[in-house]
Amino acid sequence: MSVYFKEKPEHLAKSLDSMFNQSVAPNEIVLVEDGPLTEELYEVLDVYLQKYPDIFKRVVNEANLGLGKALNRGIEVCKNEFVARMDTDDISEIDRCEKQLKLFIDNPDFDVVGTNIAEFTENPENICSIREVPATHKEICTFMKKRCPFNHMTVMFKKSSVISSGSYLDWHYNEDYYLWIRMFLNGCHFANIAQNLVRVRVGNEMFARRGGYKYYKSEKNLFKYMYKHKVISWFAFQKAKLIRFVVQVLMTNGTRQWFFKKFARS
């Protein structure tokens, strides 16, 4: 997990609780403090450090490095081969890790296992939308050529497979998508569990982050990378650029929110 100063303390506490209280108890939780935090956030972290002194590890970045670099620092500290990702404002279902570990045990060749997500605004019990992702390796590899095939905050992966694929690298708002593409090129195997095992906090700011020329340029270059490495065709590259220019540059936040809920959610 990576936390920075804008996170709300109550959201962080709920997220941590959901991971400490998994049906398969973790033997470590690594949290990266990406730059100086607020006093309220430090108070939350101190509570968990006192409660779980043997398994709660805090990694401190003196300055904000960004999500990709922060996660790499966390991965370096993780002692286990199986590493579960989590965001500091979301909530994992109690059996999330148990189900992911079982799939890894039953399928030793898998490198990344994600899940679907249930999205909410304020109350975690009031689900407003579902983001379903493809389940099988073949479906994921096909889907990857058009959209990100994993919900990042849900994935569990093999540490060795991530490192051998280059780990997280800077790529504006798309560090995870870029990693999955490189893991695909590295011959990794993927799966998603067709269940909503993480509840994800969303709001208008999420759709704002997915708009603007900077975000468009990031995704355009990502698809250019796939084209250069023969993951997609020239036609698919041009189509992806056009769709993203319309959605991310021409649409207002309100229209973009409607578009995502209509065509990318259930």
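Let me begin with charge. In this predicted model, the protein carries 38 positive and 33 negative side chains. The centres of these two sets lie 11 Å apart.

I turn next to the surface and the interior. The protein exposes about 13,000 Å², and carbon and sulfur atoms supply 55% of that area. As for burial, 50% of the 266 residues count as buried.

What of the overall dimensions? The C-alpha trace spans about 55 × 40 × 35 Å along the principal axes of the protein. The radius of gyration is 18 Å, and this agrees with expectation, because a compact globule of 266 residues would have a value near 18 Å.

Regarding secondary structure, the protein contains eleven helices and nine strands. How are the contacts distributed along the sequence? Taking contacts between residues at least 6 apart in sequence, 76% join residues at least 24 apart.

I should like to close with one residue, Pro-9, which lies in helix H1, a helix covering residues 9–20. Which residues does Pro-9 touch, once those up to four places away in sequence are set aside? The partners are Glu-40, Leu-41 and Val-44. With Leu-49, the separation from Pro-9 is 40 residues in sequence, and the C-alpha to C-alpha distance between Pro-9 and Leu-49 is 15 Å.

To restate the main points: the charge centres are 11 Å apart, the radius of gyration of 18 Å agrees with that of a compact globule, and Pro-9 of helix H1 touches Glu-40, Leu-41 and Val-44. Thank you.

Definitions and conventions. Residues are numbered from 1 along each chain as its sequence is written. This is a predicted model: local features need pLDDT of at least 70, side-chain atom pairs count only at pLDDT 80 or more; totals for chains, interfaces and linings use all residues. Side-chain values use heavy atoms; hydrogens and water are left out. Helices (H or I, at least four residues) and strands (E, at least two) are DSSP runs, numbered from the N terminus. The radius of gyration is taken over C-alpha atoms; the globule rule is 2.2 Å times the number of residues to the power 0.38. Buried means under 20% relative accessible area, exposed over 50%, partly exposed in between (1.4 Å probe, protein chains only). Contact means heavy atoms within 4.5 Å. Accessible areas come from the Shrake-Rupley method with a 1.4 Å probe; for residues, only the protein chains shown count as cover. Lys and Arg count as positive and Asp and Glu as negative; His and the chain ends are not counted. The place of a charge is taken as NZ of Lys, CZ of Arg, CG of Asp or CD of Glu.
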